[in-house]
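Visitor: Hi, I'm new here. Could you walk me through this one?

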Amino acid sequence: MGRLFGTDGVRGLANESLSPELALRVSGAAAQILSRGKERALAVVGRDPRASGEMLEAAVTAGLTAAGVNVLSVGVLPTPAVAYLTGLYDACLGVMISASHNPMPDNGIKIFAAGGHKLDDAIEDRIEALIAEDATLRPIGAGIGRVLNASGARDHGLVIPNQYSEAGTHERYVEHLVEATGQDLSGLTVVVDCAHGAASEVGPAAYRAAGGTVIAINAEPDGLNINDGCGSTHLEQIQHAVREYDADLGIAHDGDADRTLAVDADGAVVDGDAILAILALAMHETGSLVQNTLVATVMSNLGLHIAMREAGITLRTTAVGDRYVLEELRRGGYNLGGEQSGHVVFPDYGTTGDGILTGLKLMARMAQTERTLADLASVLQTVPQVLVNVPVTDKATVAAAPEIREAVAEAERALGDSGRILLRPSGTEQLVRVMVEATDPVQAQQLADDLAKRVAAV
């Protein structure tokens, strides 16, 4: 068996590589490790609306209760909501069933430890080892976990709105988002593309509760239409809708709403780098940006580095993946970080990327300054970027080859201070990604094409 955990949990084609049997084993092993030493431990389980989520939720619930853990099913909610509720209710783990922005046939299992934190590699390795050994403990009789209803909630000794009902947990998450926004959004009209995903209910509810006028699109999930030509990976619909409704901005979420991209009133895209720049400057002005530091990944555009340097803000970079951003945030005690793709993390309010909160914070900045999104985003002057994905047989070997390192060094000498080069193996596929940024777009394309040819020839 190869490694189960990827960069964001266990993911695969539902009912094929990600089967109910595997879901049961993964959740059972996670429960045994993460609930160790706790009596009547609790797990929070949520999902996005894709059809296979119903099947996998049943399997996950069976695995957790078979390991002696009580289960609170919160239904369809965003990934950050599950992380938040895991911490709020002092659960020993949380499980989100979602494949994020992937097509509907895929699904995934994301596991959070106590406090709503993502698992580190060591914990994932222990879970995988337990699965391989098929050594999960199975209590009997009264030791079997329960799926909590109203009476179960009282017996567990926790106070939850509406006695563990889905309506109560959804309401509490929306309240949390509005409290974290800290700004009345009255006067702003926003189009929200919910991607027929996990934000379809709570997303529009949160923007309205904060005072915004909301036009929701792609908010009618049927289990089959999640991410289908909509959401943060397909911005054409929201660009059209913002212009059609004369809205102030558009917010596009992905299937599990842990990220967001925006468009301004003219339909121009405002990506994760621009969002990070806007929010970092806002926090810098109020003195709330810890150590005047923003955390991003190596994929962030050179323009973000320049904008932060000019503002006196330190930009720390990590490997690609929100888990690495989270690790750096926790290591340094910083309070803002994210990715170009729209994952933005506010450690003061949550333990993972939260697309709805990101959208609310962006609107709060607009309301506070009475400036348009286009005006706010103009602080970031994007440097032309070319990305080429090169299929290879062994990505690690190719990326580390001496001749490739020398080719990169040659290209860097040609660029001088006018750009940068990043060459890295894909985290999920047999690809080497070649990224070149340069103030001269022609030079960027030429260097990227030349490096791609050299990579392909190894």
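Guide: Happy to! One term to begin with: a helix here is a DSSP run of H or I at least four residues long, and helices are numbered from the N terminus. Also, keep in mind that this is a predicted model.

Visitor: Okay, so what happens just after α11?

Guide: Gly333 follows that helix, and its phi is positive, about 70 degrees.

Visitor: And which residues of α11 are buried?

Guide: The helix covers residues 322-332, and its buried residues are Asp322, Arg323, Val325, Leu326, Glu328, Leu329 and Gly332.

Visitor: What do those buried residues pack against?

Guide: Their partners include the helix α4 (121-133). Among the strands they pack against are β12 (293-297) and β13 (314-318).

Visitor: Switching topic: what's the strand order in the open sheet of five strands?

Guide: The order is β8-β7-β9-β10-β11, and the pairing is mixed. At the edges sit β8 and β11 (269-270), each paired on one side only.

Visitor: Mixed how? Do β7 and β8 pair in the parallel or antiparallel sense?

Guide: Parallel: β7 (residues 189-193) and β8 (residues 213-217) are paired over five bridges. For instance, Val192 has Ala216 in β8 as its bridge partner. Together with helix α7 (residues 202-209), these two strands form a right-handed β-α-β unit.

Visitor: How about β9 and β10, parallel or antiparallel?

Guide: Those run antiparallel, with four bridges joining β9 (residues 249-253) to β10 (residues 260-263). There, Ala252 stands opposite Leu261 in β10.

Visitor: Where is Asn225 found?

Guide: In the loop between β8 and α8 (236-244).

Visitor: Why does Asn225 count as buried?

Guide: Because its relative accessibility is 14%, and buried means under 20%. Setting aside neighbours within four places in sequence, Asn225 is in contact with Ala195, His196, Glu220 and Cys230.

Visitor: Last thing, pockets. What volume does the second largest pocket have?

Guide: About 350 Å³.

Visitor: And which residues lie nearest its centre?

Guide: Of the 16 residues that line the second largest pocket, Ala282, Met283, Thr286, Ser288 and Lys361 lie nearest its centre. The elements giving two or more residues to this lining are α9 (272-286) and α12 (355-369). The largest share, five residues, comes from α9.

Visitor: How many nonpolar, polar and charged residues are in that lining?

Guide: By class, six are nonpolar, six polar and four charged.

Methods
Residues numbered from 1 in each chain as written. Predicted model: local features only at pLDDT ≥ 70, side-chain atom pairs only at ≥ 80, totals over all residues. Heavy atoms only, no water. Pairing = 2+ DSSP bridges. Right-handed = clockwise from strand over helix to strand, strands pointing away. 1 Å grid on protein atoms, 1.4 Å probe; cavity = no way out; pocket = protein on both sides within 12 Å on 5 of 7 lines; lining within 4 Å. Points joined across faces, edges and corners; volume = space filled by probe spheres on them. Nonpolar A, V, L, I, M, F, W, Y, C, P; charged D, E, K, R; others polar. Buried < 20%, exposed > 50% of the residue type's maximum accessible area, 1.4 Å probe, protein only. Contact = heavy atoms within 4.5 Å.
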